[in-house]
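Here are a few exercises to work through with the viewer open. Try each task before reading its solution.

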Amino acid sequence: MDHIQGRDLAGKVALIAGGGGIGAAVARRLAAEGCRVVLGDKDGDGAERDAGAIRADGGECMAVAYDQSDEASVAALVQKTVDGVGAPDFAFVNAMDMAAVEYDTDLLDIDMGVFDQTLAVGLRGSVLVARAVMPYLAARRGAIVFTSSDAAHFGEPCRFAYAMTKSAVNALMRHIASRWGPQGVRANAILPGIVMIPRMAEKMDEAIQSRLVAGSRSTRLGRGEDIAAMVAMLFSKDGEWVNGQTISVNGGGTMRP
Ligand SMILES: NC(=O)c1ccc[n+]([C@@H]2O[C@H](COP(=O)([O-])OP(=O)(O)OC[C@H]3O[C@@H](n4cnc5c(N)ncnc54)[C@H](O)[C@@H]3O)[C@@H](O)[C@H]2O)c1
């Protein structure tokens, strides 16, 4: 009986850095588990809409507008979390400028502004969020989860700035896992497959989606809820011995040793 673990998430403070499709699904799940959630996003109105829907369902969620490429703005996000909800136990580092990624072509063709913006939000921004929350996580034996991507190891002819960013996020995650694991902090990265959040649904009609499913190892494409379930597990007591991992949640889209 001593070793029955369970979730034990009620009352914990979870900071979500980057809302949108996957981030909002994670906010909904963590709020449903009883977490006190802060949902940060550059699109403050969108974050407020998602936070309002969570509150209407009885959950606790505060929206904060912030810019992950700006150190002072990231510091303000964390301070607003501490002041408004409490010291964070968990951080989900998820924001990415997906509009810039649309122009992430190849090494010779890419506009270096697109390259810089991709890394500023996804790579340097992830470092900024991790630096700002780490003292709280270390004090509370907390956990951090990054949204990475299978693009980190695919090797694609396009999206190389995106792939570089996600590879670097994996390295950052492993650094945190080994530096702060002995103090009880856990760090992991989730690598989603194709998750049909609203932004993706706008780009892919039913026929394209059916073709993708037909060529996959699953019966459907991903949902934000699939990623949210893994985040909840990694933050929970059940995930207490999972540290330093890159975990693909992709319906079998990639199979790595
Ligand atoms: N959807 C997928 O199929 C998929 C697959 C693999 C990885 N991912 C990763 O999932 C994460 C979430 O993406 P999504 O699919 O939910 O897309 P999304 O566009 O809905 O979410 C990204 C969010 O980041 C926010 N953002 C952009 N720039 C920001 C900044 N400077 N500061 C703060 N917030 C900023 C956007 O406003 C948006 O809400 C990303 O890291 C993405 O790389 C998604």
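**Exercise 1: the ligand shell**

Work out which helix gives the most to the shell around the ligand.

Solution. α1 comes out on top, with three residues in the shell around the ligand. Keep in mind that this is a predicted model. Next, look for helices that supply at least two shell residues each: these are α1 (20-32), α7 (160-180) and α8 (198-203). Then take the whole shell, where 27 residues surround the ligand. The closest of them are Asp41, Gln68, Tyr162, Val195 and Arg199. Finally, sort the shell by class: 12 residues are nonpolar, nine are polar and six are charged.

**Exercise 2: polar contacts of the ligand**

Find where the ligand's nitrogen and oxygen atoms meet polar atoms of the protein, using a cut-off of 3.5 Å between N or O atoms.

Solution. Start with the backbone. A polar backbone atom of Gln68 sits 2.8 Å from a nitrogen atom of the ligand. For Lys42, a polar backbone atom is 3.2 Å from a ligand nitrogen. Now turn to side chains: Arg199 places an N or O atom of its side chain 2.8 Å from an oxygen atom of the ligand. To round this off, check how much of the ligand is covered. On its own the ligand exposes 820 Å², and the protein buries 90% of that.

**Exercise 3: the largest cavity**

Which elements each supply at least two residues of the lining of the largest cavity?

Solution. First count: one cavity reaches 30 Å³ or more. The largest cavity has a volume of about 50 Å³. Its lining includes Val93, Met96, Phe146, Thr165, Lys166 and Val169. Mapping the lining onto secondary structure, α5 (112-140), β5 (143-147) and α7 each supply at least two residues. The largest share, three residues, comes from α7, and α7 also supplies at least two residues of the ligand shell. By class, the cavity lining has five nonpolar, five polar and one charged residues.

**Exercise 4: the second largest pocket**

Describe the second largest pocket by volume, lining and residue class.

Solution. Volume first: the second largest pocket has about 300 Å³. Next, its lining is made of 18 residues, and those nearest its centre are Arg141, Gly142, Gly184, Arg186 and Glu240. Last, split that lining by class, which gives four nonpolar, five polar and nine charged residues.

**Exercise 5: the overall fold**

Why does the radius of gyration agree with a compact globule?

Solution. Begin with the contents of the protein chain: 10 helices and seven strands. Then get the extent along the principal axes, where the C-alpha atoms fill a box of roughly 50 × 40 × 40 Å. Now apply the globule rule. A compact globule with 257 residues would have a radius of gyration near 18 Å, and the protein chain has 18 Å, so the two agree.

Note on methods: Residues are numbered from 1 along each chain as its sequence is written. This is a predicted model: local features need pLDDT of at least 70, side-chain atom pairs count only at pLDDT 80 or more; totals for chains, interfaces and linings use all residues. Side-chain values use heavy atoms; hydrogens and water are left out. A residue is near a molecule or strand if one of its heavy atoms lies within 4 Å of it. A polar contact is a pair of N or O atoms within 3.5 Å; within protein, one must be able to donate a hydrogen and the other to accept it, and residues adjacent in sequence count only if both atoms are side-chain atoms. Accessible areas come from the Shrake-Rupley method with a 1.4 Å probe; for residues, only the protein chains shown count as cover. Helices (H or I, at least four residues) and strands (E, at least two) are DSSP runs, numbered from the N terminus. Ala, Val, Leu, Ile, Met, Phe, Trp, Tyr, Cys and Pro count as nonpolar, Asp, Glu, Lys and Arg as charged, and the others, Gly among them, as polar. On a 1 Å grid over the protein atoms alone, a cavity is a set of points where a 1.4 Å probe fits but cannot get out, and a pocket is an open set with protein on both sides within 12 Å along at least five of seven lines; lining residues have an atom within 4 Å of a point. Grid points are joined across faces, edges and corners, and a volume is the space filled by probe spheres set on the points. The radius of gyration is taken over C-alpha atoms; the globule rule is 2.2 Å times the number of residues to the power 0.38.
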